[in-house]
Amino acid sequence: MHSAERFTDLYDECHPKVFAYAVTVAGRGLAEEVAGETFCIAWRRFSDLPDPPLPWLLGVARNVARKNFRDEARQESLARELSGWAAPAGDIGEQVAERADLLQRLASLSETDREALTLIAWHGLSAAEAARVVGCSKAAFFVRLHRARKRLAQPTAHALTALIPEAT
Amino acid sequence: MPDDLLQALAATRPDLDPAPDQARRDRDLARALASPATAHPARRRGRSRWKVLGLGVVAAGTVVAVVATTGTTPPTPQSRPSGTEAAPAPLSAREILLAAGASSLKAPANEGDFLYTHWISGRQLSIPGKDYLLDSRMEQEMWRAKEPGHYQYMINRRLGTTLASPADEEAWKADGSPRSWTFEVPPLMSPSGGMIKSMDPVRIKLEPAATAPDVWRHVSDFGVGRIGSRLATPENLAELPTDPKALYDRLLHELTAMADAAPKEHQADLAEHRYLFSWEIFRWGVDLIARFPVSPALRSAAFGMLSYIPGVESRGETTDPLGRKGQAIALTDQTDSGSVQNGKLIKEGTLFDTVLIIDPSTGTALATVDQISKPVWPPSDKQGQWRSYEIFKESRWIPALPMSRLKNAEHSR
């Protein structure tokens, strides 16, 4: 199969995951551009992509989000995204309330903490893969994840006051 | 902390998935495939932060004219010239590049509403247990409108997979002229020696050239590439310095700024990878010389700029993948020290030198080739062998689109 075809297959398989990740680091407003640029870079390096490619792609998306957009623009887009998660959906059933509470707490965490948690829980990566995305050792990632879990588990009264994540 | 916290969190995942959008898919694919695929100089699994740095730059150039000829040793395309034979003192990379820059000034500046770019991308493959190489090529043409909002067009035509040279064909015949090959791929291993994933066998076959090309069109901005953090629009390109050293300094400064802007946690790591700056700047230079719509002064500067990059050297006369004679200017792989991961030096993966083949007499780039400097796998790979390459045919402004060739363009594949 020619490389352009293999690349198209890669795009079809991985674009939804790259897009979903981009939403969590840059908000829906910028996610399409982040994902598009990520695949441009992936094609330029196509002959050297690691296997599996997803952690590498997410690492590229992470850098694209941080470097191709002004920090304020990304944070603003992300804040809009987070407030969307944290807003209760109207239904006040117990499960829904619990879910909304957890999302609020997640939204209140620092970007570093939230990233560690969502790479595992939402994007389905192993700790080793997540470490590759953020560019640290597996051991360092475990430490980061442990701390983030601890902070997520803390009851919070300030969930809604801290929607703007701290800069990392 | 409850162990099921992450599970509970997983259950809260909001809808993050993109809506199916064929137009976006077409746009993304066309935009990505518009640039050439190239090999990274060193394989560093999972080391991704450099991947965003790779874009083009320009140089300026006043130049010294030098006659670039060589002696009588005709190196094969895939071997480094031997240094043991008596020959005129070889010209330095800077002399050759400055000569090329001077010649390039003679090219007329050209005008038009559409940028036409024509190239051939290719790849050579060795097969375990065999002593011949295969060569697979695709011819690509692209038309980009200067004004936004117009269709951009691309024609891709597969040129097939064949034996790489007459000598390879002889060896292939001696092997019984097989038409396909299958070989096992060892499992992917982690640096610590654990198996990450088993791999499917690779199957390769000879293929004839495609009879009909694929013709695509899409709407987008002037997506010719990027210079540093900016799009390589004619306006942005016009702002680059046209002195070679000033151009080099500008590019280096930009890379340094991008690296310094990286998160603090990566700073130490980035310092270990500064040698990759040379590779990035070299790529930018090639973009300016052969791909981007630049003025003759800027193209000339880009030639000279390459000579300021640490690790750039002349490899003497060579031939490009079309058999055209030229001078090989190589960026030697500087990753011999390996890459640092988790505090350990990792040496793994095939390493490549990046070779630009130029014709100093006309001031044009003929081709760029990734040449294996450290073969790893497949075991049939040899030092000096080509991996992927790009042959530059044309890049110029034209007044109008050749609609007779483009009228059946597919909006999707």
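Author: Before we start: helices here are DSSP runs of at least four residues, numbered from the N terminus. And keep in mind that this is a predicted model.

Reader: Okay, which residue just after α1(A) takes a positive phi?

Author: Look right past the end of α1(A), a helix that covers residues 3–26 of chain A. The residue there has a phi of about 80°, and it's A:Gly27.

Reader: At which residue does α1(A) bend?

Author: Start with the length: a straight helix of 24 residues would span 34 Å, but α1 of chain A spans only 30 Å between its end C-alpha atoms. There's a bend of about 50° in α1(A), with a proline, A:Pro16, following within four residues. The bend sits at A:Cys14.

Reader: Which residues does the cis peptide bond in chain A join?

Author: Head for the loop between α2 (28–44) and α3 (54–67) of chain A, where A:Pro52 lies. Omega is about 5° at the bond in question, so by the numbers it's cis. The two residues joined are A:Asp51 and A:Pro52.

Reader: Over in chain B, is B:Ser177 buried or exposed?

Author: B:Ser177 lies in the loop between α4 (166–174) and β4 (180–183) of chain B. It has a positive phi of about 50° although it isn't a glycine. A residue counts as exposed if 12 or fewer other C-beta atoms lie within 10 Å of its own. B:Ser177 has 10 of them within 10 Å, so it is exposed.

Reader: And what percentage of chain B's residues count as buried?

Author: Chain B comes to 10 helices and 17 strands. Among its contacts between residues at least 6 apart in sequence, 71% join residues at least 24 apart. Of its 413 residues, the share that counts as buried is 43%.

Notes: Residues are numbered from 1 along each chain as its sequence is written. Chains are lettered from A and ligands numbered from 1 in the order in which they are written. This is a predicted model: local features need pLDDT of at least 70, side-chain atom pairs count only at pLDDT 80 or more; totals for chains, interfaces and linings use all residues. Helices (H or I, at least four residues) and strands (E, at least two) are DSSP runs, numbered from the N terminus. The expected span of a helix is 1.5 Å times one less than its number of residues. The bend at a residue is the angle between axes fitted to the seven residues ending there and the seven starting there. A residue is buried if 20 or more other C-beta atoms lie within 10 Å of its own, exposed if 12 or fewer, and partly exposed in between; C-beta atoms are placed from the backbone. Two residues are in contact if their C-beta atoms, placed from the backbone, lie within 7 Å.
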